[in-house]
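Here's a quick walk through one protein model, from the overall build down to a few individual residues. Have the viewer open as you read.

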Amino acid sequence: MERWDAAGSEPIDWDAMRGEPCFGGLDLSAVSDLTSFTLIWKRGGKVFIRPWFWIPGDGLDARCKTDNVRYDEWVRQGIIETVPGPAIRADWIAERVSEICAQYNVQHIAFDRWGARDVAQYLREQGLSIIEFGQGYASMSAPTKELESLVVSGLLMHEGNPVLRWNADCVDVASDPAGNIKPVKPKRSGTPARIDGIVAAIM
């Protein structure tokens, strides 16, 4: 996290990115957890990442107390958006992602083949290129290593987004006998762990 904080926190002119090619990743929560969509640009040897986060609006105060996380403060700051109702709605997320993509030159969007088929179909109907992306070692290892390399090299420009930083701080890494890796939630008792923004970035 020292490397994360040391670089990449300067303000970014996102309007200047509108015409440049970028790539998206969507990590859709099942019911009431954090959902994240990220866009990534490569420019001048650096990688720029812009995340969006959503959480159900109903029961937000209770969720803040249960997780001991100030979601409500991030909502007030506009860093997290609330989805109407008690659960994440795939149709609502699909429409927001489509609205975001209309502002940028999005080449492809990666999505978890098991969790976002309805969203993917909607986005395809909007003319966006959607790619299925598995959550196992085969799909996740190479881009996870690439993200780690960008962080330690000071080449990941994240603008100091506090929710993305929290997600990064929550990440543990699992590995298989072949040396492949993927991000996982940590096994920390009593501590909420959300890694959605990092998963979306890796995708």
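What follows covers the overall fold, the nonpolar cores, two threonines and the cysteines.

## Overall build

First off, this is a predicted model. The protein has 203 residues, and its radius of gyration is 16 Å, which agrees with the value near 17 Å that a compact globule of this length would have. If you'd rather think in boxes, the C-alpha atoms fill one of roughly 45 × 40 × 35 Å along the principal axes. The secondary structure comes to 8 helices and 9 strands.

Of the 203 residues, 47% count as buried. About 10,000 Å² of surface is exposed, with carbon and sulfur atoms supplying 48% of it. As for the wiring, take the contacts between residues at least 6 apart in sequence: 63% of them join residues at least 24 apart.

## The nonpolar cores

In soluble globular proteins, nonpolar side chains tend to be buried together. Here, the largest nonpolar core has 33 residues, and those with the most contacts inside it are Tyr-71, Trp-74, Ile-80, Leu-156, Val-163 and Trp-166. The elements giving two or more residues to this core are strand 3 (46–56), helix 2 (60–67), helix 3 (71–76), helix 6 (137–152), helix 7 (162–170) and helix 8 (196–202). Helix 7 provides the largest share, 5 residues. Apart from this core lies another one, of 30 residues, with Trp-41, Val-83, Cys-101 and Phe-111 among them.

Which residues of helix 7 are buried? They are Val-163, Leu-164, Trp-166, Asn-167, Ala-168 and Cys-170. Look at the start of that helix too: a side-chain oxygen of Asn-161 reaches to within 3.0 Å of the backbone nitrogen of Val-163. Over at Leu-156, setting aside neighbours within four places in sequence, the contacts are Trp-4, Ala-7, Gly-8, Val-47, Ile-49, Leu-147, Leu-150 and Val-151.

## Two threonines in strand 2

Strand 2 runs over residues 35–43 and holds Thr-38; Thr-35 is in strand 2 as well. Are these threonines buried or exposed? Thr-38 counts as buried because its relative accessibility is 1%, and Thr-35 is buried too, with a relative accessible area of 0%.

Each has a polar partner on the backbone. For Thr-38, a polar side-chain atom lies 3.2 Å from the backbone oxygen of Ala-200. For Thr-35, a polar side-chain atom sits 2.9 Å from the backbone nitrogen of Ser-29. Leaving out residues up to four places away in sequence, Thr-35 touches Leu-26, Asp-27, Leu-28, Ser-29, Trp-52, Phe-53, Trp-54, Ile-88 and Ile-93. With neighbours within four places likewise set aside, Thr-38 is in contact with Phe-23, Gly-24, Gly-25, Ile-49, Arg-50, Pro-51, Gly-197, Ala-200 and Ala-201.

## Cysteines

How many disulfides does a search of the whole structure find? The count is 0. Why is Cys-64 not bonded to Cys-170? The closest cysteine sulfur to that of Cys-64 is the one in Cys-170, and at 15 Å it is too far for a bond. From the other end, the sulfur of Cys-170 has Cys-64 as its closest cysteine sulfur partner, again at 15 Å.

Both side chains are tucked away by the accessibility numbers: Cys-64 counts as buried at 10% relative accessibility, and Cys-170 counts as buried at 4%.

Methods: Residues numbered from 1 in each chain as written. Predicted model: local features only at pLDDT ≥ 70, side-chain atom pairs only at ≥ 80, totals over all residues. Heavy atoms only, no water. Core = buried A, V, L, I, M, F, W, Y, C linked by side-chain atoms within 4.5 Å. Buried < 20%, exposed > 50% of the residue type's maximum accessible area, 1.4 Å probe, protein only. Helix = DSSP H or I, 4+ residues; strand = E, 2+ residues; numbered from the N terminus. Contact = heavy atoms within 4.5 Å. Polar contact = N/O pair within 3.5 Å; in protein donor to acceptor, adjacent residues only side chain to side chain. Rg over C-alpha atoms; globule rule 2.2 N^0.38 Å. Areas by Shrake-Rupley, 256 points an atom, 1.4 Å probe, with all protein chains shown as cover. Disulfide = S-S within 2.5 Å.
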